[in-house]
Amino acid sequence: MSMQDAASGVALWRQVADGIERGIAEGRFAAGEKLPGEMEIAETYRVNRHTVRRALAMLAERGLVRAERGSGTYVETQRLAYPLRSRTRFSEIVGAGGHEPRGLLIDASDDAATRELARELGLKTGAPLVRIESVRLADRTPICVSTSWLSAERFPDAGRIFASVRSMTKLVAHYGIRDYRRASTRITAGIIDATDAARLELALGRPILVVDSTDVDPDGTPIVTKHSRFAAERVEFLVEDR
């Protein structure tokens, strides 16, 4: 089809973007599917690759597609329904939605409890902690980046264990904690920074949902406190009283 319709008054890149968006809406490009390459799209719409790149950039900003460096551009999945309840487990939530949960360790390091972290974890200020930076994915799509803190005394070598099991539930189970519950959750809105933008494969300036939470064991003793940043366009929080 020709996109060289000067009389339309619509920029070529917008026409390309609208055509791809229609294809997504009509199911010609399924969620998670890789789009044709830039050259193929350019030939289809009879435009240059710069025009295609601008169209794809606009679709990415709107959260409809996601570019993966060295791989291509993929149709974004629908928002993941993410219940917030007393037992919130990423792997269970993602699995229930028909997706494969994945966890990747970014970094693990020693830390010391600030006054706020000490209060959340029931420790003394300055107590040794293990700090874990991780990214959680549903299939190929990054959903959130989390910073988690645990007592280094109770969970020695937690970073190495997480790198192996890639799950906070499995991590604490390794130390004999078979169940835990959410004691507190605070949700705020924010704008993504450059570091998390790269990790979540989002454009700078995109909105995020920030979740600060603390989990406790069956005895009520805090075990982990987290500072998680979710891609706002990829999740839908459902607050459940149970």
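**Asp196 and Arg229.** I began with the side chain of Asp196, which makes a polar contact with the side chain of Arg229 at 2.9 Å; the model I am reading is a predicted one. Asp196 sits in helix α8, which covers residues 194-200. Is Asp196 buried or exposed? I looked up its relative accessibility and found 6%, so Asp196 counts as buried, the cut-off being under 20%. When I set aside the neighbours within four places in sequence, I found Asp196 in contact with Val145 and Arg229.

**Thr147.** I then followed Arg229 to another partner, since the side chain of Thr147 also makes a polar contact with the side chain of Arg229, at 3.0 Å. Which other side chain does the side chain of Thr147 meet in a polar contact? I noted Glu133, at 3.0 Å. Thr147 belongs to strand β6, residues 141-151, and because its relative accessibility is 3%, I entered Thr147 as buried. Leaving out neighbours within four places in sequence, I listed the contacts of Thr147 as Arg131, Ile132, Glu133, Thr225, Lys226, His227 and Arg229. Arg229 is thus a contact that I have written down for Thr147 and for Asp196.

**Asn48.** Next I turned to the loop between α2 (38-45) and α3 (49-61), where Asn48 has its place. What does the side chain of Asn48 reach? I found the backbone nitrogen of Thr51, at 2.8 Å. With a relative accessibility of 47%, Asn48 counts as partly exposed, because that class lies between the 20% and 50% limits. I also checked Asn48 against Glu38, ten residues away in sequence, and read a C-alpha to C-alpha separation of 9.0 Å.

**Nonpolar cores.** I looked up the largest nonpolar core and found that it has 17 residues, with Val16, Ile20 and Leu35 making the most contacts inside it. The elements giving two or more residues to this core are α1 (12-25), α2 and α3, and the largest share, five residues, comes from α3. Apart from this core lies another, of 14 residues, among which I noted Val130, Ile161, Tyr180 and Ile223.

**Ala163.** I located Ala163 in helix α6, residues 158-165, and entered Ala163 as partly exposed, because its relative accessible area is 36%. How far apart are the C-alpha atoms of Ala163 and Leu12? I read 47 Å for this pair, whose members are 151 residues apart along the chain.

**Whole chain.** I closed with the values for the chain, which has eight helices and ten strands, and whose C-alpha trace spans about 70 × 30 × 30 Å along its principal axes. Of its 242 residues, 43% count as buried, and the accessible surface comes to about 12700 Å², of which carbon and sulfur atoms account for 48%. Among contacts between residues at least 6 apart in sequence, I noted that 59% join residues at least 24 apart. For the charges, I looked up the mean positions of the 36 positive and 34 negative ones and found them 1 Å apart.

Methods
Residues are numbered from 1 along each chain as its sequence is written. This is a predicted model: local features need pLDDT of at least 70, side-chain atom pairs count only at pLDDT 80 or more; totals for chains, interfaces and linings use all residues. Side-chain values use heavy atoms; hydrogens and water are left out. Helices (H or I, at least four residues) and strands (E, at least two) are DSSP runs, numbered from the N terminus. Buried means under 20% relative accessible area, exposed over 50%, partly exposed in between (1.4 Å probe, protein chains only). Contact means heavy atoms within 4.5 Å. Accessible areas come from the Shrake-Rupley method with a 1.4 Å probe; for residues, only the protein chains shown count as cover. Lys and Arg count as positive and Asp and Glu as negative; His and the chain ends are not counted. The place of a charge is taken as NZ of Lys, CZ of Arg, CG of Asp or CD of Glu. A polar contact is a pair of N or O atoms within 3.5 Å; within protein, one must be able to donate a hydrogen and the other to accept it, and residues adjacent in sequence count only if both atoms are side-chain atoms. A nonpolar core is a set of buried Ala, Val, Leu, Ile, Met, Phe, Trp, Tyr and Cys residues joined through side-chain atoms within 4.5 Å.
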